[in-house]
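Student: Could we go through the contacts in this model, one interface at a time?
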Number of protein chains: 2
Amino acid sequence: MADTLPNFYAVIPAGGIGSRLWPLSRADAPKFLHDLTGSGQTLLRDTWDRLEPLAGADRIAVVTGRAHRAAVEEQLPGIPDRNVFLESDPRESAAAIGLAAAILVRREPDVIIGSFAADHVIRGTRTFEFAVQQAVAVAREGYICTIGIQPSEPSVGFGYMRKDGELIVDGAPEAAVVERFVEKPDLDTAKEYFADRSYLWNAGMFISRADVLLAEIAENAPDLHAGLIELAEVWDDRERRGPVVDRVWPTLPKIAIDYVVAEPAAEKGRLAVIPGHFDWDDVGDFASLAKLNSHGRNELAILGKNARILSDAASGIVVSQTSRVISLIGVKDIVVVDTDDALLVTTSEHAQRVKGVVDALKLTGRGDVL
Amino acid sequence: MADTLPNFYAVIPAGGIGSRLWPLSRADAPKFLHDLTGSGQTLLRDTWDRLEPLAGADRIAVVTGRAHRAAVEEQLPGIPDRNVFLESDPRESAAAIGLAAAILVRREPDVIIGSFAADHVIRGTRTFEFAVQQAVAVAREGYICTIGIQPSEPSVGFGYMRKDGELIVDGAPEAAVVERFVEKPDLDTAKEYFADRSYLWNAGMFISRADVLLAEIAENAPDLHAGLIELAEVWDDRERRGPVVDRVWPTLPKIAIDYVVAEPAAEKGRLAVIPGHFDWDDVGDFASLAKLNSHGRNELAILGKNARILSDAASGIVVSQTSRVISLIGVKDIVVVDTDDALLVTTSEHAQRVKGVVDALKLTGRGDVL
């Protein structure tokens, strides 16, 4: 794209450890700080690079935990200091995105914000840009706009949105109204949705005028809204900010933006969607990571710089953060994650159960490896 | 047993790395220096403890490589210095056992030696002792006597010996003559042998008068015999030994004792056998190690002191030499061997292929982990 999108500000919520990717993802090395595609850079940096042509380096904000400030700034040397919004502790997506909206709308009343997770994988730059461009046009009209992913398979791993009638907006030929949200379906239902092209995956991308977003939060979560406004009023005043954050932040309700913004807006016919035709993956577990990195069903994908890996009729994925020799013999669809202080061995089939191990480690006092 | 067996001298050939147990077994940490049963001590020490009541601590000799001298002496503090026979380099079992026979017969012309591998697992002390006691009685009569293991399953992993008519020897009620040796059979043949109780596993234990053993070597491998006699003549003379070893040892033919002693003796009706009713395992690969250590089909066996192992519906074996947290989810019959510089993941089914990995590591210049 030649120019950035007028009024557009990109917001990257960089929170969430990604427990299903333990022991790769850790409290001090969350998913967004990893290279999960072999691109040579972190998912956070990939996200930045994707948004920079759309918003400009001065108009990307990151909402992240205090513990990750240094890592985020190292990854994104071009980010202005004032665009790193630090959370005292995790308060879920409505607080994170709402805070960014509240701060940015004070700086710039007609700002249109678009929030994009720091730890998703997207392939297809042009189609992504075209989708955001359309979404911004729709947002300008007062809609809350999401980008729904055109399903590439009948996945049971994602929520779906059903698009309804066309929405006539200049510059957004693919815009539609979202009729309803559907939670993760069973396989039969997913197959139906896949066949019926009006269902899209909910990828958690929201583009809207900041004032419209805040109005929706005010209506559905007035306490959260009040807290965010109070925080925003002092945010850009370094001297006043600290005490207010210390007092207000811990009181913010923990709730997902889907519940306080997207679903209520959909009910009122105010949620729009642009179908995204690009490849998208939230890399939710090692099965997803394996698929993302493998070139064939019977191949072994390798993530990491370890060149001392020997496979004899093995398939699946090895993630190695060590320089140990790793030898896999005859194991199919295997998942091996090799780190200095923890080793995971499972299969794609059981990848969803990794979170249970993390819970068990917490309960049994082995939190040192989380 | 109250007393040791008259004239009996135990010989423990402690050689062989156990490549199929890589990366647990290494050139500098061969199989016999590992605790493979969770007993808390090495297989070598287990072997010593088994033989000490039969021979006495002063009458056990170990034949091992120079590199393992310190480890052997650490494991066996009771061994007399003069009973550690050091090989300059590995020359197979006929040279190792033949050397011991040649040295010991000079010290004690009517000695009866029994050789027992340093890295096998035996359970059932009393039945083992009774078998050796009988074998010594048979050996005293001039036979070369082996202890054949009564098969506990139709294994295709071992060679078999067919016992023929009874042998009338006082103090050896179970003695029989060996009619023939059979190489590792296919499964159908193994089932036949298992049903026919006259077939026993060849466990590589040989008990015989040293002079009888040497005569057999002289007949079937005269070069080897000549070399061994030359070595033995100077062995107990520290000043003369060095140059002779340096000159003669490298010329010794590499050959297994089965070929130069047991099989030719069997052909002449001079090989006897005592059936061993104890549990025996040569721990030839990780499948065998898993079976040896597991308490049930669907359990996960753990070898090593690592207490930070989590299993969620996993079965097989984990061998851990590190203190890393190891988490296994849903993997069945898995073999995970976790060491500081190498990791192996395979299944019992593919355990025999570990040797191929070792070969590949040699060929690709990663010998540092062997």
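**Interfaces within and between chains**

Student: How many residue pairs are in polar contact between domain 1 of chain A and domain 2 of chain A?
Tutor: A polar contact is a pair of N or O atoms within 3.5 Å; within protein, one must be able to donate a hydrogen and the other to accept it, and residues adjacent in sequence count only if both atoms are side-chain atoms. Between domain 1 of chain A and domain 2 of chain A, with both residues at pLDDT 80 or more, the count is eight residue pairs.

Tutor: The model is predicted, with local features needing pLDDT of at least 70, side-chain atom pairs counting only at pLDDT 80 or more, and totals for chains, interfaces and linings using all residues. Residues are numbered from 1 along each chain as its sequence is written, chains are lettered from A and ligands numbered from 1 in the order written, and side-chain values use heavy atoms, with hydrogens and water left out.

Student: Which residue of domain 2 meets the side chain of R26(A) in a salt bridge?
Tutor: A salt bridge is a side-chain nitrogen of Lys or Arg within 4 Å of a carboxyl oxygen of Asp or Glu. The rule finds two across this domain interface. At 2.7 Å, N to O, the partner of R26(A) is D341(A).

Student: How many salt bridges are counted between chain A and chain B?
Tutor: One salt bridge joins the side chains of R353(B) and D312(A) at 2.6 Å, N to O. Between chain A and chain B, the count is six.
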